[in-house]
Every structure is written in structure tokens, then in C-alpha cells.
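Grab a pencil and get ready to work through some exercises. Try each task on your own before you read its solution.

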Amino acid sequence: MKQARAFLALLLAAALLAGCQKQTPSPSQAVEPPVAEPPLAGRFQQQPVPDFLDQEQLQIFLHAFCAAGCFLLGCSTWGVEEFPLADGSQPHLADSEEVELDGRTYVVAQGRYRQWADFQAMLDALFTPEYQQELIAPAFPRFRSTQDGLMCFMDESRGSNLEYDWCETPDSYELTSQTEDEICFDLIGHYTRLNYETDPVEPIEEYTQRFPIRMVRTQQGWRVAEIHVPW
């Protein structure tokens, strides 16, 4: 059974990445060395990868998937604090402070992306400007800068999909369209439908859900214009 993802309870990057981990085979293509932020570790180094992406596209996809899975679309915005600092140490989350911005409460980052400039550089290296705005929700920003240039985030979390956690079948992919400037494909998540009326719950059957991913070529290279995570 895949392990449940409880981001708020995890204070170490290895624990967070293991918490999100679905038991999967090694990638079908080499992805070393990393070429972008955030750093890949654990589950994201073992994520199955599309065999139709070239090395540049593959790097961008994996790092974007890591950012989306850990904090942009993942179980908790606190995932942004789970990456090691530049010296390899972990941030002291007990030192976190809150700030009020436009009537909303934010947590000031203590970790790798404490500086907004570093956070923005990571976003710029992975996502189109238009999609960045969609990800960080400009009407009610989940991530934003303080006046002195620190990154802060709303304390938000959600549960993961138990039926995804339960299923052992790894994610797969299907190419839907491809040109010189755009590539579109589906991430296919695998799930086990459960009978919740039994104690303990019992598996009934496996099923899948498809999540569209779109990458486009920009003047700076390939960037992600749409992405989803299956949990």
C-alpha cells in the first residue's frame, strides 16, 4: 500500500518525500545531474517518466512535478519548507513567524526559499509566466513577497486520495499531441476503488484518472504551461 501523505506532520525533506511516495520502478531515462530547482530527492527521483521527452523536457517536467507535488498543488503549502538549505541543513521551522498582508495571515518562510527572489527564480525556470499566475492564485495569493523581499505563504492543507495511496500500480503517460513548440500528454494515475463499508476497508477494483500536462517552447527554453498531480 502506498504511504499516506501527511505534509504538516513532516519536518524533514526525506520524510516528506517518502510520505508522498508511490512504490514505483526507477525512471526509464537518466535524469542526472539536476539542472533546476527545486532539488529532486526520494520519490521524485524515482517517478516514472515519459519516454517521449528529450532530456531538457524531462528535466523541466520532473522539477515542475516536484514543485507541484510538494507545495504548489500538493497536500500542504508547508511543503515549500521541506527542502534542505544550501549547506544541506534543515530549516528551523519552530522559528516560523506570521505576518498580516492585506488582512490575511501568512507564514514567513525560513527555508531554502526564504528570499522571494529565489522562489521567483525557481518558478521562472519551470513555468510560463501565465501559468505561474494561475498556480499562485493572484486574487488570493497563497505565496507572496513581504515588503522586505521575504517569501511568505498561506497555511493551507488538504488530504490526499486514499484510493491513489492504496494502489501499487505506478503512474504512466500517453502522448496526445506534439509539435516543435508544444508537447501535450496525459499523466495516468492508478487507483484502487475501496469498499468503505467494511472494517477494515477492502479493495474492489483498480481504475485510472487522466491529468493533462502541457509544455511549450519559450525563448528561455521549455516551460510547463499546465500540470497536475494525481494525489
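Below are six exercises, each with a worked solution.

This is a predicted model, in which local features need pLDDT of at least 70, side-chain atom pairs count only at pLDDT 80 or more, and totals for chains, interfaces and linings use all residues. Residues are numbered from 1 along each chain as its sequence is written, and side-chain values use heavy atoms, with hydrogens and water left out.

**Exercise 1: the overall layout**

Task: work out how many helices and strands the chain has, and in what order they run.

Solution. Start with the rule: helices (H or I, at least four residues) and strands (E, at least two) are DSSP runs, numbered from the N terminus. Counting this way gives five helices and eight strands. Next, walk along from the N terminus, and you get α-α-β-β-α-α-β-β-α-β-β-β-β. Finally, look at burial: of the 231 residues in the chain, 48% are buried. Here buried means under 20% relative accessible area, exposed means over 50%, and partly exposed is in between (1.4 Å probe, protein chains only).

**Exercise 2: a bridge between two loops**

Task: find the partner of Arg112 in a salt bridge, and say which parts of the chain the pair ties together.

Solution. First, the rule: a salt bridge is a side-chain nitrogen of Lys or Arg within 4 Å of a carboxyl oxygen of Asp or Glu. The partner is Glu37, and the closest N and O atoms are 2.8 Å apart. Now place both ends: Arg112 sits in the loop between β2 and α3 (116-126), and Glu37 in the loop between α1 (13-19) and α2 (55-72), so the pair links parts that are 75 residues apart in sequence. Then check the surface: Arg112 is partly exposed at 24%, and Glu37 is partly exposed at 28%. By this rule, the count comes to seven salt bridges.

**Exercise 3: getting to know Asp102**

Task: describe what is unusual about the phi of Asp102, then find its salt-bridge partner.

Solution. Begin with the backbone: Asp102 has a positive phi of about 55 degrees, although it is not a glycine. Now the side chain: Asp102 meets Arg144 in a salt bridge (2.9 Å, N to O). Arg144 lies in strand β3 (residues 143-145) and Asp102 in the loop between β1 and β2, so the pair ties together parts that are 42 residues apart in sequence. Last step, accessibility: Asp102 is exposed, with a relative accessible area of 69%, while Arg144 counts as partly exposed at 22%.

**Exercise 4: strands held by charges**

Task: name the strands that hold Glu205 and Arg193, and then the residues of the salt-bridge network.

Solution. The side chains of Glu205 and Arg193 form a salt bridge (2.7 Å, N to O). Glu205 is in strand β7 and Arg193 in strand β6, so this pair connects parts that are 12 residues apart in sequence. For the network, look for shared partners: salt bridges join Glu174, Asp186 and Arg210 into one network. Zoom in on Glu174, which belongs to strand β5 (residues 172-178). Glu174 is partly exposed at 39%. Glu174 and Asp186 are 12 residues apart in sequence, and their C-alpha atoms are 5.2 Å apart in space.

**Exercise 5: is Gln132 buried or exposed?**

Task: settle that, and find out which side chain Gln132 touches through a polar contact.

Solution. Locate Gln132 first: helix α4 (residues 129-135). With 5% relative accessibility, Gln132 counts as buried. Its side chain makes a polar contact with the side chain of Gln120 at 2.7 Å. A polar contact is a pair of N or O atoms within 3.5 Å; within protein, one must be able to donate a hydrogen and the other to accept it, and residues adjacent in sequence count only if both atoms are side-chain atoms.

**Exercise 6: two prolines**

Task: find which peptide bond at Pro200 is cis, and decide whether Pro230 is buried or exposed.

Solution. The bond from Asp199 to Pro200 is cis, with omega near 5 degrees. Pro200 lies in the loop between β6 (182-195) and β7 (202-218). Pro230 is in the segment after β8 (221-226), and at 2% relative accessibility Pro230 is buried. To finish, compare positions: the C-alpha atoms of Pro230 and Thr208 are separated by 9.8 Å, with the two residues 22 apart along the chain.
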